[in-house]
Each structure stands twice: as C-alpha cells, then as structure tokens.
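User: I'm new to this one and would like a walk through its features. Could you show me how to read them?

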Amino acid sequence: MMKGDQVKDTFQRWRDTREEDLNPEDYQLFRDLGSACLARGDSAQLLEFVQDEKNQGIVKCMGCVIMAPLVDEVVKKVTSAEPCQAAIVYLTRTCRSEELLHGLLELIEDINPGDISQTIIVLVPHFKTVLLRMEDRKATSVGLVLAALQKQMQRLPVPYTPQQEEADEYGLCRCCIALLQFTKCFVEEVKRKHGKSVTTTEDEELRTELLKFCMRSLREPLLEVELSHNRKSYLWLFATEIMVTLSTIQVSLSELLFFYNSLKKSTAMDNSQSMESRASLAYLLFVQLITIDSFPAVFSPIFVLQCNMEYVSELLSSKKESHLLKGLALNAKSLESVQDHSLPVNLMELKSFYSVPQKLRQVLTECPMKHLRESALQVFQLFVNKLDTEAKHKFFRCMLKVSNHAGVESYIIKNIKNHLEFSMESGNANKWFLGEEFLSLLGLVLHLPHGAETDLLNSMDRIMESLNLLRYLLIRDKNLWSNRDVWEELGRMKDEYLKMLRVCLSISRAYYSAELKALKEDQKLKAKEAREAARSIRLSKSIKAKHEEVSDMSPEVQHQVLQSALVTFDLMESLIVRIEEITEEKLKIPN
C-alpha cells in the first residue's frame, strides 16, 4: 500500500505528464487508489479529488477507470452511495464520451445475476448523459446501448401474475420504465426531424435503432407477459408506449404486419425483427386494441385474418402457455370479424390455413392445461363456422384423413351432421353436402381404419358419431338429395359399413367376454388359495397369483373396464339395430 507522500507524488507526476505518456500501469494504479478510498468509506474524499480543479487533467484522462468501483458502491446501496453517485454524474460530464460509453458497456456486459435490475436502473441515466454529449455515430451508439440493456433484461424472470408484477421482485418492470425514460428524448428527436424536408443518414439510422428496440421489446418481455386492458399495470404502460413509439417514429403498423418484406429492405432490419415480434404486435393491436384507432380501416376482415394466420401459426408452434394463449386469442379475434360461411375454399390452399387447424388439434389432444384445450376447441369451432360450404367440405375431408384421433374425428363428424342439417334448410341446398360430392366425405366417415381388427373402444367416440350421422341421413326425406343415385350409393355404403362393424363387434365382444370370464376365474382361484393359506397358518407370506395379468390395474378396476366395454358394445349394437329398422321402414314406403 502506498503511503501518503507517495500518493501525493504520484498525483503530481500525473499532473505533469502528457496524456500520451501515461501507461497502462498508471491507469491501473489510479483505479486501485480509487477502490482503496471507497473500501475505507472515504467516498466523500474521492468526490472532492474528482471535482478539484487542479485534478481535471487526470480526471479527464483516467476518470473512466474508477467508474466500475463507483457504480458497484451505488448498486450495493452502501451508506456512502450519495458521494459516489455525485462522482459518477461529474465523470459522465467530464470524461471523454467515447471512453465513457465503452466503459459503461463493459459494466453492462458483466453483471451478477442478482444485480441486473439495480445496475440497469443506476446506469441508464448516465448512458443518456453520455449519448447526448456525443456528436459522431450517436445513432449507432444508441443502438449498442439499447441492445446491451435488453440483453441483460432478458435474463430477468417475467412476472406472470398481477401479484408478481406488483411485487416486481426481480425489477423487470422498473427496468422497462427506465428504458422508456431513456428512449424518450431520442424518439422526440426523430419526430422533430421527420417533419423537415431533408433528413440525414444519421437521422434514418437513429429511427432504425429505435425500431429495432421496439421489435425486441415486443418479443421480450411483451410476448411473455399477461396483459389486460382492465388492469393498467407497468407492463401495460410499457406495451402502450412501445406501440405509440412505433407510430411516433413514423413506422406504419400495417406495413410492418402485412408487407414486412418491403419494410425490411428499407430499414435493413436484423434478425431481432422476427416473426415472434410481429406476432406480439398483432396481438397488442387486434386483441388488446392498443393504438387500434390509428390503424387504417381499409383492410377487409378476410385480408386481416389471412395475414394474422401466419402469426397465429407461429404462436401455436410454441410450448409456452403465454404464447399459446396469445395465439388462441389472436385467432379468435381475427375470426370474429369475418362473416359466417364466407371464407372461400381457395384460402385452404395457403400454408397457414392448413397449419393452424393442425396446431389447434395438437393443443386439443396433447396440451395438459384444461383452459387451453377449452379455448382451442372454441376457436376450432369458430373457424369451422366461418368456412363456406365448399371450404367446409374440403376441411372436413382433410381433418378426417390426418387427425388420427377418435375424439377430434367425432367432433368433425358432428359438424358434418350440423352442416347437413343447415344444407337441408330452404335456400341452402348445395352439391357438397346434398350431391355426389358428399359421398367422398361420407366414405371417410363410414370407415374403420383397421377393418375387422379395429379397436372399438379407442374408436368409440368416432363410431358412435358415425352411427348417429347414418341414422340422421336415413330418417331424412330422400327427395332432398340431388338425384336418386346418391341415395342408392348411400345405402350401399351403409350396408358395407354396418357389415364390417358387426364383424368387429362380434370379435371384440368375444374377446372382452373371455377376458372377463378369465378374470372372474382368476379371482375365485385367488380366494381359494387365500383360504387354504389361512388354514395352514401361512398368513405371514404374500399370496401370489398363478396367472400374471397383462394389465397393472387392480382386479376391481379391470372388471369395471371390461364390463364397461361390453356395455359400450351393446350400445353400438342397439344403434345398428335401430338403423336397420329405419331402413326397413323406408323400404315399405312407396316411391
């Protein structure tokens, strides 16, 4: 440790030395002396040294190196933080702005996880001071600072509930507000200069950097948070200000959402302007209605839906609850504005109009969260309602071919029945559901995927709905069909389907009856062994069955399952009988 006289001599040497003659050891020594002063709790003495007129040459040349220990003291909120804060303010106004910016960026890059939010909140005002002092490459520097700050903010946990957001334990909300305050003057600068007849390259670069900042913010954190217009939280304020900023810097939301390729070329966007960012933008605009008043009303609901389906597909591709919720909400809002029975069949050729229903199906069949499955089912039905007749026909055919899930297939068959009923109403007749075209669809309905070996229990929902549809068709007036050939072909398909279904029922009933009988015999055998074991006083030993069951279920549960299967087969059989009775009654009616 240097003694007092040595320190004074060193300071005097630095005062007498030209900047270019200072070496790295001098900079390190100055930092060490500053850190030692702070370690002793002499922050006021350090502030006095920094502000001393005779030390301005040293401070201007080497002051940047003591920023790190000063910031560390402020972040830790030590008792001597006020002089440290004053020293930081003085240095940001005295040292060279380029060196300060470099030093502050290094501090941002190396933050302990527990100090992220506090460090950002401490440094943001000083970044702003330094940037406002810069004359050259200010736009690029603003971009560097925003990217560095947002990179660290991405490490902070996102609050998912109102209680977590209010508590703001990790400081993400405070960081978002600090960023808004930081960008405000630069946004105003772009707004002010945009009104002029001539804008410089620097002006355009600043606008581009602010656009990148907004797009990154839309992805993180705004795509992760739960927002509600009924609760004006800090994150709601952040979302609103991001949307307002886009309008203020003259970014067209419609161009950004619907004609992104042209905007990408004109602003040279990087990968941070991803599909997720625009999906988040679409959600805030069309679901939360933030800045919707400034959105042009010239776009038709079908065009908006067509564009938004790409974003819905992106959101539903995620496994995150927040993304799925936003994707479902955006899909629903986009569909609600479309008239029922109006979506033309040519839209089904678009990739997104194929992928979105498939992803809804995945949510319905694979998602463990009940509220998401319920929402997905509502959106799925809403989508079906909006399709015109030909589009419905094509969609039903597609889903029956690819869904590979009995529950989904039964829901599709139920929709087919509903649209049949609609088509039979006056003025709604069409060839897709009352003509020859319907037969190709019915052929997919009256189909057992594995023939006589079809697992009737797994396919129960689908088969029951197919039988209900068949019964409904037979009790309708056959004169509703476009020609007699369709009715006759329907009868032939019905006969083939019921014949194969009876074979399946016979095989399945025999199998499950045998299983039930074997289970009962096995239980009797176990009971007999237990009695014999008790009589021979071998109660301490476990009783083992002689025949191992394939299933891990208890005998009681196995009995219930097997009995339930037989009841289901009886129900199917009763429907088949009823269909055959209807057929016979129809034959008795004169043509």
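**Reading the fold**

Analyst: Let's begin with the whole chain: of the 591 residues of the protein, 48% count as buried, where buried means under 20% relative accessible area, exposed over 50% and partly exposed in between (1.4 Å probe, protein chains only). This is a predicted model, where local features need pLDDT of at least 70 and side-chain atom pairs count only at pLDDT 80 or more, while totals for chains, interfaces and linings use all residues. Residues are numbered from 1 along each chain as its sequence is written, and side-chain values use heavy atoms, leaving out hydrogens and water.

User: How many helices and strands are there in the protein?

Analyst: Helices (H or I, at least four residues) and strands (E, at least two) are DSSP runs, numbered from the N terminus. Here you get 27 helices and zero strands.

User: How do I read the way α17 and α19 cross?

Analyst: Fit a line to the C-alpha atoms of each helix over the stretch in contact, then take the angle, from 0 to 180 degrees, between the N-to-C directions. Under 35 degrees is roughly parallel, over 145 roughly antiparallel, 65 to 115 roughly perpendicular, and the rest oblique. The axes of α17 (residues 301-316) and α19 (residues 351-366) come within 9 Å and cross at roughly 40 degrees, so α17 is oblique to α19.

User: Which residues of α17 and α19 meet?

Analyst: Contact means heavy atoms within 4.5 Å. On the α17 side, the residues include Leu305, Met309 and Leu316, and they meet α19 residues including Phe353, Val356 and Leu360.

User: Is Leu246 buried or exposed?

Analyst: Leu246 counts as buried because its relative accessibility is 0%. Leu246 sits in helix α13 (residues 234-248). Leaving aside residues up to four places away in sequence, Leu246 touches Leu211, Cys214, Leu218, Val251, Leu253, Leu256 and Leu281. Take Leu211: 35 residues separate it from Leu246 in sequence, yet the two are 6.8 Å apart in space, C-alpha to C-alpha.

User: What about the backbone; which features should I look at?

Analyst: Most residues other than glycine have a negative phi, and most peptide bonds are trans. In this model, a cis peptide bond joins Glu220 and Pro221, with omega about 15 degrees. Pro221 is in the loop between α12 (201-219) and α13. Asp168 has a positive phi, near 45 degrees, and lies in the loop between α10 (162-167) and α11 (172-194). Leu289, also not a glycine, has a positive phi of about 60 degrees. You'll find Leu289 in the loop between α16 (275-286) and α17.
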